[in-house]
Every structure is written in structure tokens, then in C-alpha cells.
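Trainee: I would like a close look at one side chain here. After that, please carry on through the rest of the model.

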Amino acid sequence: MAGVVCVGAQWGDEGKGKVVDLLTERADVVVRFQGGNNAGHTLVVAGVQTVLHLVPSGVLHEGKTCVIGNGVVVDPEVLLHEIESLQARGLLKDPRRLAVSGQAHVILDVHKRIDRAREQYLPRKIGTTGRGIGPAYEDKVARRGLRMQDMLKAQWPDLLRERIASVNTYLTGMGAPSITGAELEEMIARTRRHAQALRDHVTDTVFLLDQARRAGKNILFEGAQGTFLDVDHGTYPYVTSSNTVAGAACAGAGVGPTAIQRVVAVSKAYTTRVGEGPFPTELHDAMGQRLRETGAEFGATTGRPRRCGWLDLVALRRAVCLSGADALVVTKLDILSGIGPLPVAVAYEVDGKRVTEFPTDTDDVTRARPVYREHPGFDGELRGARTLAELPPNARAYVEMMASELGVKLALVSVGAGRGEEIMLDPVF
Ligand code: IMP
């Protein structure tokens with residue numbers, strides 16, 4: 001048995017969906033442990049594109065168990081919609097293949113409303129996905145949240161009514177409309193229906209994972225977002241509301257650290273970010289535009305254009321350290337083809353001082369000017385490469401440079417969006 005965690009090493013959108021899909025071949029169970037449907041994992045299998053927001057990316061493999069752990073915040077409507085569209089394609093026929101923790105907190109309509117109202121009415125914008133993630137986690141930590149298992153209870157309407165009554169004060173205080181009368185009754189009826197439809201999936205996932213572990217199964221923990229969106233370690237406050245580093249897999253899935261043997265960090269061959277917040281290597285010029293267009297850098301969840309920039313080794317070193325990563329996956333190497341030379345940030349200059357550690361103060365990250373080292377560019381079609389030797393020499397040198405700078409083993413290099421368009425060096429399990 002082995003436990004492997006796969007996390008994003010940047011600001012999310014590193015291509016974890018494809019990586020998890022590949023690693024799932026050797027896994028028995030795939031677990032989401034944090035975040036919610038702010039995530040958007042795009043997978044392309046046999047030319048068919050699937051975008052998943054909540055169901056673990058391992059779902060495309062028949063026979064694997066997918067788990068939504070207690071650390072995830074679940075929008076029942078989105079989950080049902082995802083289940084139904086997978087089933088319409090002949091996938092996920094057996095409901096036991098998708099287990100949802102009864103302890104996972106529920107994202108209610110009010111959470112979405114608060115999230116959007118804040119972005120609209122308050123002066124400081126985070127650029128959230130508007131999916132209610134932050135407000136749902138706030139309620140969890142404030143010990144007034146509602147969990148998936150509560151939805152199944154007879155007293156659910158009362159629980160919901162009580163919850164909404166207190167939220168209404170907050171909404172009206174912000175100038176946003178409150179939820180009352182027919183709208184509230186409709187919400188109760190709708191969530192009741194959701195609960196019935198999801199009943200077979202809601203279970204004790206801690207017990208399920210413990211049984212899998214004892215039976216010697218391979219468990220893959222699928223991270224969402226990325227290291228610098230981590231609520232503690234990211235560019236606070238321009239972060240998401242959960243811990244995205246590998247250690248979060250333990251609390252968010254309900255396993256001990258001994259259940260994890262390896263950690264895979266996923267990085268693009270360049271850097272992207274959506275939403276607000278500092279991004280030292282961001283490109284505001286035609287090159288940034290080129291990366292966005294060639295790399296199809298538009299959010300899988302909100303469709304927003306992603307901000308694009310050069311590779312940042314200062315940030316990546318921190319990401320490897322924070323998650324204890326021992327394996328590196330590089331994605332979208334093909335997008336850099338035809339560009340050269342390739343600047344790579346090896347340090348920052350903050351107020352005239354050279355720093356090589358990612359600053360802990362977001363204000364310093366905002367003022368950081370990248371110190372670049374140029375790497376020779378490469379040309380040609382990379383999609384057909386299945387070994388490092390089949391890459392143009394400078395492309396190979398680029399990914400090997402990344403692994404050696406970060407002190408981790410290169411596990412996989414993705415050279416195209418589709419399953420099969422990659423160089424597999426270490427299957428990790
Ligand atoms: P929230 O998670 O919706 O609260 O958004 C907080 C910040 O995290 C915003 O900058 C979002 O754009 C960003 N974010 C959340 N989820 C993802 C993701 O899956 N990929 C990339 N950025 C994300």
C-alpha cells in the first residue's frame with residue numbers, strides 16, 4: 001500500500017487534473033481533501049474533454065473509488081450535476097464508487113451570495129471564483145456550519161431556517177438582498193431533493209480510507225488550487241480559504257501522516273495566476289498574451305483570462321519545501337516551444353536587496369522584482385516525445401534544470417493536453 005499526495009506548486013491551474021488521471025492508473029482510491037468547486041480540472045481522454053469541479057479526477061477510470069473528504073466544502077447542486085453528467089456518459093454507474101464525507105461542510109446559496117456581494121460591494125477584492133468557498137469555510141471555523149450528514153436529518157428545514165435568519169442580517173448590512181419567504185421555502189425544498197439524491201454517497205470516509213489502507217490499497221490524494229493560494233502559506237489575503245499544501249491531506253481526509261509516502265509537486269513550465277494578488281514574474285506585454293493564447297490560459301471554472309509569466313524558481317523552491325515534495329511534474333512544456341531565450345527567476349530584488357527565499361510578507365512579494373537567468377529556448381513539435389531523449393536538447397535541459405534547482409526527482413513531463421501526450425519517468429506508486 002502507498003499514499004501519494006499530488007499538489008499544485010504555483011497559483012493553481014498547473015494541470016493537476018491530467019496528472020491525477022495518469023497517476024490513478026496505479027491507485028485504487030482517489031481523494032479530494034480541500035477546496036470545493038472553485039477548482040476546475042480539465043481532462044482530455046480520447047479527444048473528449050471533461051471538466052470536473054468536485055468529483056476527483058480519478059473518476060474517468062472504471063473500478064476506482066473516488067472520495068470527497070471531510071476537508072472539502074460541497075455545493076450539493078454542483079455535485080449532483082457533475083454526477084448526472086458523468087452518468088449520462090456511462091461513467092460512475094455504481095454510486096459506491098463515489099463516497100462523500102458526511103462531515104464535509106455544505107455550501108449554501110447564502111455562501112455564494114455573500115461571496116459575490118463582497119466582491120461587488122466591498123473595497124478590497126480578492127477576485128474569488130464566487131462559488132461561496134470562503135463563506136462556507138468561515139461558517140465551518142465559526143462552528144455554525146452545516147454538514148452533509150445534517151442534510152439527511154429530519155430537522156434539516158429547521159437547521160437551514162435558523163442559519164439563514166442569522167445570515168440575512170449580514171447580507172442586508174452589506175446592502176445585498178436577504179433570503180426570505182418563498183425563496184427560503186424553495187431553498188429548503190431544493191436542498192431536501194439534493195439530500196435524497198446524494199444519500200447513497202454520503203458516508204464515513206475516514207473509515208473507508210482506513211479500511212483501504214489496511215487492505216494494502218494505493219491511495220492518491222488530489223490537491224486543488226496551488227501552494228500560493230494556501231490560506232497560511234500563500235500570498236495572503238489573496239488566497240483561497242483552505243490549506244492547499246500536502247500536509248492538508250491528513251486533516252482533510254482523516255488519515256495520519258504515516259499514510260503518506262510520497263508527494264508530487266506539479267508546475268507548469270511557466271507561471272499563471274487568476275484573481276488578484278502579487279505575481280512577481282507576470283508579463284504585461286505581448287509575450288504574456290502569447291502564453292495566454294498558446295496555452296489556452298482561461299479559467300476552467302470562471303472562464304477568466306489567466307495572468308501569465310515566466311517560471312519562478314524562488315516560488316517553486318518554497319512550494320517544494322512547504323509540501324515536502326520528492327517528485328516533480330512539469331506540464332505544458334510544449335507551450336514554450338518557439339520562444340527563446342527563456343528567462344527564469346532565480347532570486348528577487350526587494351527594496352534593492354537580493355533575496356532568494358520567497359518573502360513571508362505579501363507586501364514584499366508585491367514589491368519583489370525578479371532577477372532572471374536566461375535559459376536557451378527550443379523549437380519544434382514536442383507532443384510526440386515519449387522519452388527525454390526525444391525532446392529538443394534545450395527543452396530537456398530546461399526540465400532537468402527545474403528538477404535539479406528544486407532538488408527533486410523528475411517524475412513526468414507533459415507535452416500536450418491529451419492522455420498519452422507525456423513522458424513518464426516515474427509512475428510514483
Ligand atoms: P476562492 O477560492 O473562490 O475564494 O478564490 C480565492 C482566490 O483563489 C482567487 O484568486 C481565485 O481566483 C483563486 N482560485 C480558487 N480556486 C482556484 C483554482 O482552482 N485555480 C486557480 N485559482 C483558484
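Which backbone oxygen does the side chain of H53 reach, and at what distance?

Mentor: The side chain of H53 reaches the backbone oxygen of A39, at 2.8 Å. Bear in mind that this is a predicted model. H53 sits in a loop, the one that runs between β4 (48–52) and β5 (65–68). Being in a loop does not put H53 on the surface: its relative accessibility is 17%, so it counts as buried. The cut-off for buried is under 20%.

Take the ligand next. There are 15 residues around the ligand, and D13, N38, T129, T240 and R304 come nearest. Sorted by class, that shell has six nonpolar, seven polar and two charged residues. Three side chains can be described atom by atom. In T129, a side-chain N or O atom lies 2.6 Å from an oxygen atom of the ligand. T240 gives 2.6 Å as well, again from a side-chain N or O atom to a ligand oxygen. With Q225 the ligand atom is a nitrogen, and the distance to a side-chain N or O atom is 3.3 Å. As for cover, the ligand on its own has 470 Å² of accessible area, and the protein covers 96% of that.

Now the salt bridges. The structure holds 33. Start with E138 and R118, whose closest N and O atoms are 2.8 Å apart. This bridge links distant parts of the chain: E138 belongs to helix α4 (residues 133–141), R118 to helix α3, and 20 residues separate them. E138 has a relative accessible area of 36%, so it is partly exposed.

Helix α4 takes part in another bridge. Here the side chains of R163 and D139 meet, N to O, at 2.7 Å. Again the partners come from distant parts of the chain: R163 is in helix α6 (residues 156–174), D139 is in helix α4, and they are 24 residues apart. Both R163 and D139 are buried.

Stay on helix α4 for G134, which is found there too. G134 is buried, because its relative accessible area is 14%. Its C-alpha atom is 9.6 Å from that of I107, and the two residues are 27 apart along the chain.

A bridge within one helix gives another picture. R367 pairs with D364, and the closest N and O atoms are 2.9 Å apart. Both residues lie in helix α12 (residues 362–367), three residues apart, so about one helical turn separates them. R367 is partly exposed, because its relative accessible area is 35%. D364, at 24% relative accessibility, counts as partly exposed too. Elsewhere, salt bridges with shared partners form one network of D75, E77, D109, K112, E186 and R190.

Go back to helix α3 for a surface feature. Y121 is found in this helix, which spans residues 109–121. Together, Y121, L122 and Y170 make a nonpolar surface patch of about 260 Å². Y121 has 39% relative accessibility, so it counts as partly exposed.

Set V20 against that tyrosine. V20 lies in helix α1 (residues 16–23). V20 is buried, because its relative accessible area is 0%. V20 and L52 are 32 residues apart along the chain, with 12 Å between their C-alpha atoms.

Finish with the backbone. Two peptide bonds leading into prolines deserve a look. Y236 and P237 are joined by a cis peptide bond, with omega at about 5°. P237 is in the loop between β10 (219–222) and α9 (248–253). From G340 to P341 the peptide bond is cis, and omega is near -5°. P341 is in the loop between β15 (327–331) and β16 (342–350).

Then there are positive phi angles at residues other than glycine. A296 has a phi of about 45°. That residue is in the loop between α10 (286–294) and β13 (307–309). D351 has a phi of about 50°. Its loop runs between β16 and β17 (353–355). With a relative accessible area of 57%, D351 is exposed, because the cut-off for exposed is over 50%. Compare your starting point: H53 is also a loop residue, yet H53 counts as buried.

Note on methods: Residues numbered from 1 in each chain as written. Predicted model: local features only at pLDDT ≥ 70, side-chain atom pairs only at ≥ 80, totals over all residues. Heavy atoms only, no water. Patch = residues over 30% accessible without salt bridge, like charges linked within 9 Å, V, L, I, M, F, W, Y side chains within 5 Å. Areas by Shrake-Rupley, 256 points an atom, 1.4 Å probe, with all protein chains shown as cover. Salt bridge = Lys/Arg side-chain N within 4 Å of Asp/Glu carboxyl O. Helix = DSSP H or I, 4+ residues; strand = E, 2+ residues; numbered from the N terminus. Buried < 20%, exposed > 50% of the residue type's maximum accessible area, 1.4 Å probe, protein only. Near = heavy atom within 4 Å. Polar contact = N/O pair within 3.5 Å; in protein donor to acceptor, adjacent residues only side chain to side chain. Nonpolar A, V, L, I, M, F, W, Y, C, P; charged D, E, K, R; others polar.
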